[in-house]
Amino acid sequence: MEIPVYREGRPAGVLRLWRDGERTGAEMDCDMDPSGLFRGFLQCGRGEVPLGVLEPKNGRLALRRRLLTAELDRLGQPVAGEMRLSFPFQKAPPWQKVSRGEPFFRNAALQRELERTEGALECRERGCRCLAIPFRAGGAFPLAALFCFARVERIDGGAYAVFRFDSQGRPLMPEGQPDETTSPPAAY
């Protein structure tokens, strides 16, 4: 059986259900929406069933679950799927490719390393200048001299080591981590 999935009343994907003995399989496939974390629900004639968190998969949001058929039958005929925003992500800053004309660092060695890096991004956020460098697990860590100031984040689906700098060019500790220094490090 295949039924539509809605988000805020608009079509957002499809929910496939199939019986397998005492279990019913449920597979939800929805349009990608990077604005937050979404949960899937199965709407039935006499209630709903939470299916769990939709996960990114091949440019879509998806989940797959097995439910007890007897419990599902008590709720009546499946009617539709629903995709609900569970946790909104903060609006992402507008990342741009690092400008090759203007040096990012005062430190010549760090600037040379940055210039050899492909795919570096920068933005301004809350009075800080941010630098994002593609990160590959198992590879050399980008800007190793600034390792303790990095936070690995996802930007447009890719992993990046993100560094934040104050208005004087000093690196800042990642948010949510204690800063145990009594004075900020020198500008880079």
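A residue counts as exposed when its relative accessible area is over 50%, and as buried when that area is under 20%. Asp 156, at 82% relative accessibility, is therefore exposed. The model described here is predicted. This briefing covers two nonpolar cores, a pocket, the cysteines, two residues with positive phi, and several individual positions.

**Nonpolar cores**

- The largest nonpolar core has 19 residues, and those that touch the most other members are Leu 15, Met 28, Leu 42, Leu 51, Leu 54 and Met 83.
- Two or more residues of this core come from each of strand S1 (2-7), strand S2 (10-20), strand S3 (23-31), strand S4 (36-44), strand S5 (47-53) and strand S7 (60-68).
- A second core, separate from the largest one, holds 16 residues, including Phe 105, Leu 131, Phe 141 and Leu 143.
- In soluble globular proteins, nonpolar side chains tend to be buried together.
- Beyond four places in sequence, Leu 54 touches Met 28, Cys 30, Phe 38, Arg 39, Gly 40, Leu 61, Ala 62, Leu 63 and Met 83.
- Met 28 and Met 83, both contacts of Leu 54, are also listed with Leu 54 among the core residues that touch the most other members.

**Second largest pocket**

- The second largest pocket contains about 210 Å³ of space.
- Its lining consists of 13 residues, and Phe 104, Arg 129, Asp 166, Gln 168 and Gly 169 lie nearest the centre of the pocket.
- By character, the lining of this pocket divides into five nonpolar, four polar and four charged residues.

**Cysteines**

- The model has zero disulfides by the distance rule applied.
- Cys 44 takes part in no disulfide, and the nearest cysteine sulfur, in Cys 30, is 16 Å away.
- Cys 44 is buried, at a relative accessible area of 8%.
- Cys 123 and Cys 130 are not bonded, because the sulfur of Cys 123 is 4.2 Å from that of Cys 130, its closest cysteine sulfur, and a disulfide needs the two atoms within 2.5 Å.
- Cys 123 is also buried, with 6% relative accessibility.

**Positive phi outside glycine**

- Most residues other than glycine have a negative phi.
- Asn 58 has a positive phi, near 55 degrees, and is not a glycine.
- Asn 58 sits in the loop between strand S6 (55-57) and S7, and is exposed, with a relative accessible area of 75%.
- Asp 156 is not a glycine either, and its phi is positive at about 50 degrees.
- The position of Asp 156 is in the loop between strand S12 (151-155) and strand S13 (158-165).

**Strand S13: Ala 159 and Ala 161**

- Ala 161 is in strand S13, and so is Ala 159.
- Ala 161 is buried, at 0% relative accessibility, while Ala 159 is partly exposed at 25%.
- The C-alpha of Ala 161 is 5.7 Å from that of Phe 135, with the two positions 26 residues apart in sequence numbering.
- Ala 159 is 24 residues from Phe 135 along the chain, and their C-alpha atoms are separated by 5.4 Å.
- Leaving out residues up to four places away, Ala 161 touches Leu 131, Ala 132, Ile 133, Phe 135, Phe 141, Pro 142, Ala 150, Arg 151 and Val 152.
- Leu 131 and Phe 141, both contacts of Ala 161, are members of the second core.
- On the same sequence limit, Ala 159 touches Ile 133, Pro 134, Phe 135, Val 152, Glu 153 and Arg 154.

**Thr 69 and Arg 66**

- Thr 69 belongs to helix H1 (residues 69-74) and is buried, with a relative accessible area of 7%.
- Setting aside residues up to four places away in sequence, Thr 69 touches Arg 19, Gly 21, Glu 22, Arg 23 and Thr 24.
- Arg 66 lies in strand S7 and is exposed, at a relative accessible area of 51%.
- Not counting neighbours within four places in sequence, Arg 66 is in contact with Asp 20, Arg 23 and Thr 24.
- Arg 23 and Thr 24 thus appear in the contact lists of both Thr 69 and Arg 66.
- The C-alpha atoms of Arg 66 and Leu 17 are 9.4 Å apart, and the two residues are 49 residues apart along the chain.

Conventions:
Residues are numbered from 1 along each chain as its sequence is written. This is a predicted model: local features need pLDDT of at least 70, side-chain atom pairs count only at pLDDT 80 or more; totals for chains, interfaces and linings use all residues. Side-chain values use heavy atoms; hydrogens and water are left out. A nonpolar core is a set of buried Ala, Val, Leu, Ile, Met, Phe, Trp, Tyr and Cys residues joined through side-chain atoms within 4.5 Å. Buried means under 20% relative accessible area, exposed over 50%, partly exposed in between (1.4 Å probe, protein chains only). Helices (H or I, at least four residues) and strands (E, at least two) are DSSP runs, numbered from the N terminus. Contact means heavy atoms within 4.5 Å. On a 1 Å grid over the protein atoms alone, a cavity is a set of points where a 1.4 Å probe fits but cannot get out, and a pocket is an open set with protein on both sides within 12 Å along at least five of seven lines; lining residues have an atom within 4 Å of a point. Grid points are joined across faces, edges and corners, and a volume is the space filled by probe spheres set on the points. Ala, Val, Leu, Ile, Met, Phe, Trp, Tyr, Cys and Pro count as nonpolar, Asp, Glu, Lys and Arg as charged, and the others, Gly among them, as polar.
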